[in-house]
Amino acid sequence: MSDTNGTRVLVGYVPDERGDDALALAALLARTLSAPLTAVHVHPPPWPTPGPGSVDAEWVAYLKGQADEALTAAAGRLAELGVPERDVELRVHSHRGSGRGLIQVARDAGADLIVAGSAPRGRRGRVAIGSTADQLLHGSPVPVVLAPRGYAAHPPRRFARMTLAYWRRRDADGPLSAAAALAERLDVELRLLTLVLRPPGLAARFHVPGGVLDRQVAQAEEDLRYAAGLFGGGPPVERLTAVGPDIAKTLGTVDMLHGEVLACLSSHDGPLRKVFLGETSGKIVRAAACPVLLLPRGAAAPTVGEKAQVR
């Protein structure tokens, strides 16, 4: 199994639409990064206490049969998606929580990215957070990438751009550099985006030059210049400030390419070095019309010799 760049992609798979969406996104990541891919099927554990007769053995046999069928389907689909068989590892893992099970396997396998699909009853074309994604988004030690529902129906041939939703704060520089490094690996430009929300209530109906909104926009643009300045020596970094009444509507005004990835920072209230979905990032994830990458809080930047230059 090739592993020339030290990156490993891990994808959680169940034999339904969300599993297909996750595989399509994971395959694109693995092909683009020339990285090995681990596909994992997490199933419930056997009952902790023995049951009557042969019930336990039948239950274990049923779980094994389901897991074998799922992984056979995953292997076939990955082959169709152009991932070489030599680069695919198939695993079965037992855990009461599928998301926590994926985290355990990611640690064991040395994965650098975890990919998952959306909840099956979510809005098509958007990311819906089910129990698996919720567990990943509140404790993964590595970045999590979520595929919107229906992603497998029309996957892009390549990634087109990465947009990072950015707010300046003391622990944002590391994740910013980590996002830039991944964008470079994906051979896409990194765009920096800040969403500015209009003041609620009566104040939102009146625009006074030099008022609160103007000051917010000016501060956002200054922060974006600061962030772009961290990547000197390359072409100018695209910066965008979008203004609107709420996160969903404001993000809806931002152009997204076919092949876009939207990156978010974890909440600064979460544990260091882990993904933690906060209120703002949660709203962004649910409003995005493309795959979403959530970076751990305090994610390490590349070393000086590896520092990414924004394209």
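**Cysteines**

I began by looking for disulfides in this predicted model, and a search of the whole structure returned zero of them. I then went to Cys 264, which takes part in no disulfide, and found that its nearest cysteine sulfur belongs to Cys 290, at 9.1 Å. Seen from the other side, the closest cysteine sulfur to that of Cys 290 is in Cys 264, and 9.1 Å is too far for a bond. I noted the surroundings of each as well: Cys 264 counts as buried at 1% relative accessibility, and Cys 290 is buried too, with a relative accessible area of 5%.

**The sheet**

Next I traced the strands, and I found ten of them forming an open sheet with mixed pairing, in the order E3-E2-E1-E4-E5-E10-E9-E6-E7-E8. The edges are strand E3 (88-94) and strand E8 (239-244), each of which pairs on one side only. Ignoring direction, I recorded an average turn of 25° between neighbouring strands of this sheet.

I looked more closely at strand E4 and its two partners. E4 pairs with E1 in the parallel sense over three bridges, and there Val 9 stands opposite Leu 113 of E4. Strand E4 (residues 113-116) also pairs with strand E5 (residues 144-146), again in the parallel sense and over three bridges; Ile 114 has Val 144 as its bridge partner in E5, while Val 115 has Val 145.

Which residues of E4 are buried on one side, and which on the other? I found Leu 113 and Val 115 buried on one side and Ile 114 and Ala 116 buried on the other, so that both faces of E4 are covered. I set beside this a general point, that side chains in a regular strand alternate between the two faces of the sheet.

**Helices against the sheet**

Helix H3 (residues 98-109) lies across E1, E2, E3 and E4, and I noted that it runs at about 130° to E3. I then followed the chain out of E4 and saw that it passes through helix H4 (residues 131-136) to E5, a β-α-β crossover that is right-handed.

I also stopped at Asp 223, which is found in helix H6 (residues 212-229) and is buried, with a relative accessible area of 12%. Leaving aside residues up to four places away in sequence, Asp 223 touches Tyr 166 and Arg 168.

**Salt bridges**

I searched the whole structure for salt bridges and obtained 15. One of them joins Asp 68 to Lys 64, with the closest N and O atoms 2.9 Å apart; because the two are four residues apart in helix H2 (residues 55-80), about one helical turn separates them. Asp 68 is partly exposed at 36% relative accessibility, whereas Lys 64 is exposed at 52%.

A second pair, Glu 279 and Lys 283, has its closest N and O atoms 3.5 Å apart, and both residues lie in helix H8 (residues 279-287), four residues apart.

Which parts of the chain does the pair of Arg 158 and Asp 187 tie together? The closest N and O atoms of this salt bridge are 4.0 Å apart. Arg 158 lies in the loop between E5 and strand E6 (161-165) and Asp 187 in the loop between helix H5 (173-185) and strand E7 (189-197), so the pair links parts 29 residues apart in sequence.

Last, I noted that Arg 8, Glu 89, Arg 91 and Asp 108 are linked in a network of salt bridges.

How values were computed
Residues are numbered from 1 along each chain as its sequence is written. This is a predicted model: local features need pLDDT of at least 70, side-chain atom pairs count only at pLDDT 80 or more; totals for chains, interfaces and linings use all residues. Side-chain values use heavy atoms; hydrogens and water are left out. Two strands pair if DSSP finds at least two bridges between them. Axes are lines fitted to C-alpha atoms, for helices over the stretch in contact, and angles run from 0 to 180 degrees between N-to-C directions. Contact means heavy atoms within 4.5 Å. Buried means under 20% relative accessible area, exposed over 50%, partly exposed in between (1.4 Å probe, protein chains only). A crossover is right-handed if, with the strands pointing away from the viewer, the path from the first strand over the helix to the second runs clockwise. A disulfide is a pair of cysteine sulfur atoms within 2.5 Å. A salt bridge is a side-chain nitrogen of Lys or Arg within 4 Å of a carboxyl oxygen of Asp or Glu.
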